[in-house]
Amino acid sequence: MAVFVREVMTPGVVSVRPDASLVEAAQLMRAQDIGDVLVAGDHALIGVLTDRDIALRAVANGVDPLTVSAQSVCTPDPVVVGPDDGVAAAVALMRDHAVRRLPVVEDGRAVGMVSLGDLAISENPDSALAEISRAAPYGPGGRTGA
């Protein structure tokens with residue numbers, strides 16, 4: 001069982017500039033097969049933008065995703081965790097703030113992400129959530145309709 005966040009996090013981050021359009025961010029998510037990107041400027045983390053943010057805070061409100069910036073829709077000042085923080089601390093932060101992903105920040109710079117699935121696999125590899133988290137993103141047959 002992992003003790004530190006660095007043992008379970010996904011290293012590296014995918015980020016967009018604050019002025020990137022939502023279309024740019026969504027295309028990057030699709031290309032990277034991920035559900036979120038960090039919004040960062042001058043190496044400083046500004047926020048987290050999820051596919052859900054785009055759908056609920058922009059598209060559902062009828063705004064043009066070509067003209068709306070990532071910064072205007074992202075969740076600003078996200079809760080973060082350090083790579084040397086304990087896994088239990090990450091679990092507590094996720095529970096207390098009702099989030100499923102935490103940017104991992106070291107010396108003011110994002111170095112990875114840790115997700116609820118990462119923690120589930122670490123804490124109880126035989127749990128249903130761990131099994132789901134290990135599954136291919138689009139099931140055994142791969143992408144459909146893409």
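This is a walk through the structure above, from the overall chain to a hairpin, a pocket and a few single residues. Keep in mind that the model is a predicted one.

Let's start with the whole chain. Its secondary structure adds up to six helices and seven strands. Read from the N terminus, the elements come in the order β-β-α-β-β-α-α-β-α-β-β-α-α. The protein chain has 146 residues, and 35% of them are buried. If you take the contacts between residues at least 6 apart in sequence, 54% of those join residues at least 24 apart. As for the outside, the accessible surface is about 8500 Å², with 54% of that area belonging to carbon and sulfur atoms.

Now zoom in on the hairpin of S6 and S7. Strand S6 covers residues 101-106 and strand S7 covers residues 109-115, and the two pair in the antiparallel sense over six bridges. To find one of the pairings on screen, pick Arg 101: its bridge partner in S7 is Ser 115. Two residues sit between the strands of this hairpin. Asp 107 is in that loop between S6 and S7, and its backbone deserves a look: phi is positive, about 55°, although Asp 107 is not a glycine. Is Asp 107 buried or exposed? Its relative accessible area is 79%, so Asp 107 counts as exposed.

There is another aspartate with a positive phi to compare by eye. Asp 77 has phi near 45°, again in a residue other than glycine. You'll find Asp 77 in the loop between strand S5 (75-76) and helix H4 (87-97). With a relative accessible area of 67%, over the 50% cut-off, Asp 77 is exposed.

Next, some empty space. Rolling a probe the size of a water molecule over the atoms shows where such space is left. The second largest pocket has a volume of about 160 Å³. Which elements give two or more residues to its lining? They are strand S3 (36-41), strand S4 (44-50) and S7, the last of these being a strand of the hairpin we just left. The lining itself consists of Val 13, Ser 15, Leu 38, Ala 40, His 43, Ala 44, Leu 45, Arg 109 and Ala 110. Sorted by class, that makes six nonpolar, two polar and one charged residues.

From the pocket, Ala 40 makes a handy bridge to our next stop, being one of the lining residues. The C-alpha atoms of Ala 40 and Ala 70 are separated by 9.8 Å, with their positions 30 residues apart along the chain. Ala 70 is in helix H3, which spans residues 70-73. Why does Ala 70 count as buried? Because its relative accessibility is 0%, and the cut-off for buried is under 20%. Leaving out neighbours within four places in sequence, Ala 70 is in contact with Val 16, Arg 17, Pro 18, Ala 20, Leu 22, Val 39 and Leu 49.

Finally, go back to the start of the chain. Val 3 belongs to the segment before strand S1 (10-11). At 49% relative accessibility, Val 3 counts as partly exposed, since exposed would take over 50%. Which residues does Val 3 touch, not counting those up to four places away in sequence? Its contacts are Asp 85, Gly 86 and Val 87. Val 3 and Asp 85 are 82 residues apart in sequence, yet their C-alpha atoms are 8.5 Å apart in space.

How values were computed
Residues are numbered from 1 along each chain as its sequence is written. This is a predicted model: local features need pLDDT of at least 70, side-chain atom pairs count only at pLDDT 80 or more; totals for chains, interfaces and linings use all residues. Side-chain values use heavy atoms; hydrogens and water are left out. Two strands pair if DSSP finds at least two bridges between them. Helices (H or I, at least four residues) and strands (E, at least two) are DSSP runs, numbered from the N terminus. On a 1 Å grid over the protein atoms alone, a cavity is a set of points where a 1.4 Å probe fits but cannot get out, and a pocket is an open set with protein on both sides within 12 Å along at least five of seven lines; lining residues have an atom within 4 Å of a point. Grid points are joined across faces, edges and corners, and a volume is the space filled by probe spheres set on the points. Ala, Val, Leu, Ile, Met, Phe, Trp, Tyr, Cys and Pro count as nonpolar, Asp, Glu, Lys and Arg as charged, and the others, Gly among them, as polar. Buried means under 20% relative accessible area, exposed over 50%, partly exposed in between (1.4 Å probe, protein chains only). Contact means heavy atoms within 4.5 Å. Accessible areas come from the Shrake-Rupley method with a 1.4 Å probe; for residues, only the protein chains shown count as cover.
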